[in-house]
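Here's a quick look at charged side chains and how they pair up. Have the structure open while you read.

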Amino acid sequence: MTYRREEHNWIPESDLEGVSVDTLAVRAGQIRTGQLEHSDAIFPTSSFVYGSAAQAAARFSGDEPGNIYSRFTNPTVQAFEARIAAMEGGERAVATSSGMAAILATCMALLKSGDHVICSRGVFGTTNVLFQKYMARFGLETTFVSLTDMDAWQSAIRPETRMLFIETPSNPLCEVADMSALSALSKAAGALFVVDNCFCTPVLQRPFEFGADIIIHSATKYLDGQGRCVGGAVVGPNKLMEEVYGFLRSAGPTMSPFNAWVFLKGLETLPIRMRAHCDNALELAVWLEQQPGVERVFYAGLESHPQHQLASRQQSGFGGVLSFTVKGERKAAWAFIDATRMISITANLGDVKTTITHPGTTTHGRLSPEDKASAGITDNLVRISVGIESIDDIKTDLKRGLAALAE
Ligand SMILES: *Cc1c(COP(=O)(O)O)cnc(C)c1O
């Protein structure tokens with residue numbers, strides 16, 4: 001059969017087999033309407049119409065595939081799902097209204113009352129709250145253990161353990177988990193191994209290659225990368241994703257077509273952005289380590305980092321987030337932050353703009369003092385999500401922070 005480009009409303013999946021993640025980021029999942037537009041179309045519609053009552057019946061019964069209602073499926077959202085699934089090397093992705101909705105949907109769809117979860121201690125603050133406060137009310141018990149302490153993971157396993165949940169690298173201390181080891185432990189326990197891949201994105205780390213069963217994304221961070229939208233995704237095998245999809249369709253925290261379109265555009269530049277973030281962050285980490293006002297820098301790209309070798313094996317880059325402690329207490333950390341002028345003071349991360357925050361009183365502010373202490377969130381800790389501005393200009397701004405420490 002002759003390949004006639006104009007008849008192709010989408011790129012056949014077989015044409016994208018074996019291509020790199022950089023190409024998938026630009027090309028995978030694109031759909032074209034009859035207008036053969038070059039960019040992706042947005043379908044801002046709540047519902048879809050049918051040619052006949054019989055067709056409506058066939059759609060509802062599932063005998064005929066096709067859209068019904070945008071809480072169930074929407075073409076723009078499906079394009080985003082296809083692209084992130086291809087980039088992660090997963091069978092299927094389900095888009096959600098936020099990263100938290102992705103975690104909630106995964107738990108609600110795949111766990112039940114009486115199940116036990118083991119979660120790494122340094123997870124995103126709200127993830128901690130979700131497990132500790134809300135999931136607990138529905139009979140789900142969670143044990144928090146250190147991300148890097150394999151003995152702790154092993155001894156936390158119980159007969160009713162059904163999920164191991166991690167973020168790697170962790171926020172804000174950039175600890176790195178041994179995914180292959182955790183996957184083996186999880187399999188032996190008959191539990192699902194869930195990896196929140198928000199910090200690395202599939203450009204730097206592909207957790208399925210290290211035995212993850214499910215990957216979580218907050219698309220709000222690097223996938224968009226320009227601070228425009230809140231969204232998320234769950235990626236995994238068809239069988240599990242059918243359950244997650246079923247929950248979302250019934251519960252409702254699905255992604256809007258507008259946001260899906262923004263994320264599709266974001267993904268196109270994700271590979272080049274991630275490399276720029278990594279380059280800037282590594283240079284900054286090395287530079288910060290040499291500054292007299294800085295006590296310790298946490299970044300897996302540094303040779304001083306305890307899991308530097310592991311990170312080098314699992315990741316093709318060390319990411320854009322780093323943290324460091326300043327000499328002094330909270331006052332010093334706040335003075336450092338307040339002295340910067342260009343860098344945005346915000347808890348958001350994964351943006352082209354460099355952002356700075358004090359985890360102890362923002363992202364991790366709701367943790368109890370004990371939880372903070374065991375997670376290593378000290379009062380003199382500052383986190384930077386390194387953007388893609390000129391590294392010299394970022395340093396110039398941080399020198400203001402360093403000067404404030406000296407005062
Ligand atoms: C931000 C974040 C989330 C939550 O995502 P939202 O889109 O804000 O709901 C989950 N995990 C990690 C690692 C995050 O950074």
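Is Asp40 buried or exposed? In this predicted model, Asp40 counts as buried because its relative accessibility is 7%, and the cut-off for buried is under 20%. Arg83 gets the buried label too, with a relative accessibility of 0%.

Now for who pairs with whom. The side chain of Asp40 forms a salt bridge with Arg83, at 3.7 Å from N to O. That contact brings together distant parts of the chain, 43 residues apart: Asp40 lies in the loop between helix 1 and helix 2 (53–61), while Arg83 belongs to helix 3 (residues 75–88).

Asp40 also has a salt bridge to Lys265, with an N to O distance of 3.6 Å. Here the loop between helix 1 and helix 2 is tied to helix 10, and the two residues are 225 apart along the chain. Put Glu268 into the picture and you have a network of salt bridges linking Asp40, Arg83, Lys265 and Glu268.

A further pair to click on is Arg275 with Asp22, whose side chains meet in a salt bridge at 2.7 Å, N to O. This one spans 253 residues, joining helix 10 (residues 257–289), home of Arg275, to helix 1 (residues 21–27), home of Asp22. Arg275 is partly exposed, at 39% relative accessibility, and Asp22 is partly exposed as well, at 28%.

Here are the bridges side by side:

| Salt bridge | N to O distance |
|---|---|
| Arg275 and Asp22 | 2.7 Å |
| Asp40 and Arg83 | 3.7 Å |
| Asp40 and Lys265 | 3.6 Å |

These are among the 14 salt bridges in the structure.

How values were computed: Residues are numbered from 1 along each chain as its sequence is written. This is a predicted model: local features need pLDDT of at least 70, side-chain atom pairs count only at pLDDT 80 or more; totals for chains, interfaces and linings use all residues. Side-chain values use heavy atoms; hydrogens and water are left out. A salt bridge is a side-chain nitrogen of Lys or Arg within 4 Å of a carboxyl oxygen of Asp or Glu. Helices (H or I, at least four residues) and strands (E, at least two) are DSSP runs, numbered from the N terminus. Buried means under 20% relative accessible area, exposed over 50%, partly exposed in between (1.4 Å probe, protein chains only).
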